[in-house]
Amino acid sequence: MAGKILVVEDSATEALAKSRQRAYDLIFSDIRMPELDGPGFYQQLTQQHPELRGRFVFVTGDTLGHETRAFLERVGAPGLHKPFTPEEVRQVAQRLLRST
């Protein structure tokens, strides 16, 4: 994967603002966040940037409830469960970048 850039934001609101300034190849988002949760962030960001559908990975430390599991299935996004390894991140990133 050439051109690696990692941007970390403190909130989904800040990430939405940054997405207006530059393009991203992949988005890793927590499911549970203050202000705006992962599904809400996904909805708002993909409305602004539909090309990012299929480029999301959701991370969580929680056991996935029915609602969250249904959301991930509906949008086709993979989930990484904390704690995860760098190798798991690399594998999911490569898979998503190859598929779109």
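**Helix 1 against helix 2.** Select residues 12–19 and 38–48 in this predicted model. These are helix 1 and helix 2, packed at an angle of about 10°, their axes 11 Å apart. Helix 1 is therefore roughly parallel to helix 2. Now show side chains at the contact. From helix 1, pick A12, A15, L16 and S19. From helix 2, pick F41, Q44, L45 and Q48, which they meet. What is the make-up of this contact by nonpolar, polar and charged residues? Five are nonpolar, three are polar and none is charged.

**Across to the sheet.** Keep helix 2 on screen and add strand 1 and strand 2. Helix 2 lies across both strands. Relative to strand 2, the helix runs at about 165°.

Next, select strand 1 (27–30), strand 2 (56–60) and strand 3 (79–81). Together, the three strands make an open sheet in the order 1-2-3, with parallel pairing. Which strands stand at the edges? Strand 1 and strand 3 do; each has a single partner strand, so one side of each is left without a neighbour in the sheet. From one strand to the next, the twist averages 25°.

Zoom in on the pairing of strand 1 with strand 2. The two run in the parallel sense over four bridges. For a landmark, pick S29 and look opposite to F58 in strand 2.

**Strand 2 by itself.** Colour strand 2 by accessibility. Five of its five residues are buried, so strand 2 is largely enclosed by the rest of the structure. In a regular strand, side chains alternate between the two faces of the sheet. Here F56, F58 and T60 point one way, while V57 and V59 point the other.

**The cores.** Now go to the largest nonpolar core, which has 17 residues. Start with F41, L45, F56, F58 and L72, the members that touch the most others. Helix 1, helix 2, strand 2 and helix 3 (66–75) each supply at least two residues of this core. Centre on L72. Leaving aside residues up to four places away in sequence, L72 touches I31, F58, L64 and A77.

A separate core of seven residues lies apart from this one. Select L26, V57, V92 and L96, which are among its members.

**P78.** Move to the loop between helix 3 and strand 3 and pick P78. Is this proline buried or exposed? P78 has 12% relative accessibility, so it counts as buried. Show what surrounds P78: it touches F56, V57, F58, V92, R95 and L96, not counting residues up to four places away in sequence. Three of the names are familiar from strand 2: F56, V57 and F58. V92 and L96 appeared in the core of seven residues. For a longer view, add E9. P78 and E9 are 69 residues apart in sequence and 20 Å apart in space, C-alpha to C-alpha.

**A23, last stop.** Select A23, in the loop between helix 1 and strand 1. A23 has 61% relative accessibility, so it counts as exposed. Finally, draw a distance to G65. The two C-alpha atoms are separated by 31 Å, with the residues 42 apart along the chain.

Note on methods: Residues are numbered from 1 along each chain as its sequence is written. This is a predicted model: local features need pLDDT of at least 70, side-chain atom pairs count only at pLDDT 80 or more; totals for chains, interfaces and linings use all residues. Side-chain values use heavy atoms; hydrogens and water are left out. Axes are lines fitted to C-alpha atoms, for helices over the stretch in contact, and angles run from 0 to 180 degrees between N-to-C directions. Angles under 35 degrees count as roughly parallel, over 145 as roughly antiparallel, 65 to 115 as roughly perpendicular and the rest as oblique. Contact means heavy atoms within 4.5 Å. Ala, Val, Leu, Ile, Met, Phe, Trp, Tyr, Cys and Pro count as nonpolar, Asp, Glu, Lys and Arg as charged, and the others, Gly among them, as polar. A nonpolar core is a set of buried Ala, Val, Leu, Ile, Met, Phe, Trp, Tyr and Cys residues joined through side-chain atoms within 4.5 Å. Buried means under 20% relative accessible area, exposed over 50%, partly exposed in between (1.4 Å probe, protein chains only). Two strands pair if DSSP finds at least two bridges between them.
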